[in-house]
Amino acid sequence: MKLEGKVAVVTGAASGMGKAIAELYGKNGAKVIVSDINIDGAEQVAAGILGNGGTAAAVKTDIAKQGDAEGLIDEAVNTFGTLDILVNNAGIMDNFEPVGDIEDALWEKVFAVNTTGVMRTMRKAVPVFLEKGKGVIINIASTGGFSGAHAGAAYGASKHAVVGLTKNTAFMYANEGIRCNAIAPGAVETNIGASMTGINQFGMSRAGLTHGLSPRTGQPVEIAEAALFLASDESSFVNGVVMPVDGGWTSAF
Ligand SMILES: NC(=O)C1=CN([C@@H]2O[C@H](COP(=O)(O)OP(=O)(O)OC[C@H]3O[C@@H](n4cnc5c(N)ncnc54)[C@H](O)[C@@H]3O)[C@@H](O)[C@H]2O)C=CC1
Ligand SMILES: CC(=O)C(C)=O
């Protein structure tokens with residue numbers, strides 16, 4: 001019970017890594033706000049946590065919308081009285097486009113979900129954490145947040161931005177009891193492929209050169225275990241890191 005009594009928001013928690021994180025946090029005593037644009041999926045995850053004796057509530061959130069992203073933090077405080085842990089996990093892929101093939105609409109959508117949504121929940125959570133004198137932020141970035149060769153230009157840029165936002169936040173609030181870290185998963189077996197709408201064959205063939213070096217794919221729970229460590233007091237001196245959880249993929253670079 002590493003998170004007994006803590007209130008956690010997990011975005012994109014209807015599927016994949018977000019679901020695994022929400023479930024593991026629930027098992028460890030956290031009160032979990034299961035947030036997703038897919039409310040049916042979020043409700044199922046919340047029901048599963050409740051069924052296992054935990055505490056959870058589902059909240060429909062389109063993280064790309066300012067009102068939803070900010071309202072999510074209000075909802076957590078209104079429902080469970082406070083906020084201790086924010087996990088920014090919701091994310092979408094691009095279609096592996098190199099910069100020469102990017103369309104503005106896709107660029108803007110990828111940034112709205114993967115980057116701007118992350119900034120907005122953090123901006124809203126920080127005053128709650130400052131008032132308490134503590135709080136934990138975990139951003140699910142990607143190995144594409146420090147490699148140029150794991151997806152398309154928009155996805156890579158959006159995750160590099162999350163890495164920068166994470167490090168800046170860690171440093172800015174380091175004396176205020178707020179810790180901010182990122183996880184950089186490698187290739188994990190989830191439903192993220194469903195967010196692709198028409199793969200750029202050239203871009204995918206270039207990214208595929210490095211994907212071939214990944215020793216194996218991971219399971220969502222293997223990311224969730226890292227997110228549990230970063231949320232718990234066991235990582236009390238860990239701040240501003242971008243932790244690869246990739247089976248050793250990026251040790252090759
Ligand atoms: N699967 C992989 O190999 C990797 C994934 N990641 C990152 O991990 C995070 C989680 O992705 P996965 O679990 O793989 O994907 P997933 O597709 O299984 O889950 C993502 C969840 O985010 C939700 N979502 C999408 N757009 C949303 C929006 N506008 N508002 C709210 N929720 C929204 C989806 O409904 C879904 O439930 C993402 O940030 C992704 O970029 C990073 C590295 C590798
Ligand atoms: C989807 C993604 O971020 C990777 C690294 O595969």
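## Ligand 2 and its polar partners

In this predicted model, Ser142 places a polar side-chain atom 2.7 Å from an oxygen atom of ligand 2. Tyr155 also takes part: an N or O atom in its side chain is 2.7 Å from an oxygen atom of ligand 2. On its own, ligand 2 has 220 Å² of accessible area, and the protein covers 87% of this.

If you would like to display the surroundings of ligand 2, pick Met93, Ser142, Thr143, His150, Tyr155 and His211. This shell divides into two nonpolar and four polar residues, with no charged ones. As for location, ligand 2 sits in the largest pocket.

## Ligand 1 and its contacts

Let us turn to ligand 1. Asp36 brings a polar side-chain atom to 2.6 Å from an oxygen atom of ligand 1. Tyr155 appears here again, with a side-chain N or O atom 2.6 Å from an oxygen atom of ligand 1. Lys159 joins in as well: an N or O atom of its side chain is 2.9 Å from an oxygen atom of ligand 1. The protein buries 90% of the 820 Å² that ligand 1 exposes when taken alone.

Tyr155 is thus a handy residue to centre your view on, as its side chain has an N or O atom 2.7 Å from an oxygen atom of ligand 2 and one 2.6 Å from an oxygen atom of ligand 1.

## The shell and pocket of ligand 1

Where does ligand 1 lie? The space that ligand 1 takes is the largest pocket. Two elements, H1 and helix H5 (153-172), give two or more residues each to the shell around ligand 1.

How many residues surround ligand 1? There are 27, and the closest are Ser15, Asp36, Asn89, Tyr155 and Thr190. By class, the shell around ligand 1 holds 14 nonpolar, ten polar and three charged residues.

## Salt bridges

A search of the whole structure turns up six salt bridges. One of them joins Lys19 and Glu23, with the closest N and O atoms 3.3 Å apart. Side chains of opposite charge can pair when their charged atoms come close.

Why are Lys19 and Glu23 separated by about one helical turn? Both belong to helix H1 (residues 16-27), and they are separated by about one helical turn because they are four residues apart in that helix. H1 is also one of the elements that give two or more residues to the shell around ligand 1.

Conventions: Residues numbered from 1 in each chain as written. Chains lettered and ligands numbered in written order. Predicted model: local features only at pLDDT ≥ 70, side-chain atom pairs only at ≥ 80, totals over all residues. Heavy atoms only, no water. Near = heavy atom within 4 Å. Polar contact = N/O pair within 3.5 Å; in protein donor to acceptor, adjacent residues only side chain to side chain. Areas by Shrake-Rupley, 256 points an atom, 1.4 Å probe, with all protein chains shown as cover. 1 Å grid on protein atoms, 1.4 Å probe; cavity = no way out; pocket = protein on both sides within 12 Å on 5 of 7 lines; lining within 4 Å. Sits in = over half its atoms within 2 Å of the grid points. Nonpolar A, V, L, I, M, F, W, Y, C, P; charged D, E, K, R; others polar. Salt bridge = Lys/Arg side-chain N within 4 Å of Asp/Glu carboxyl O.
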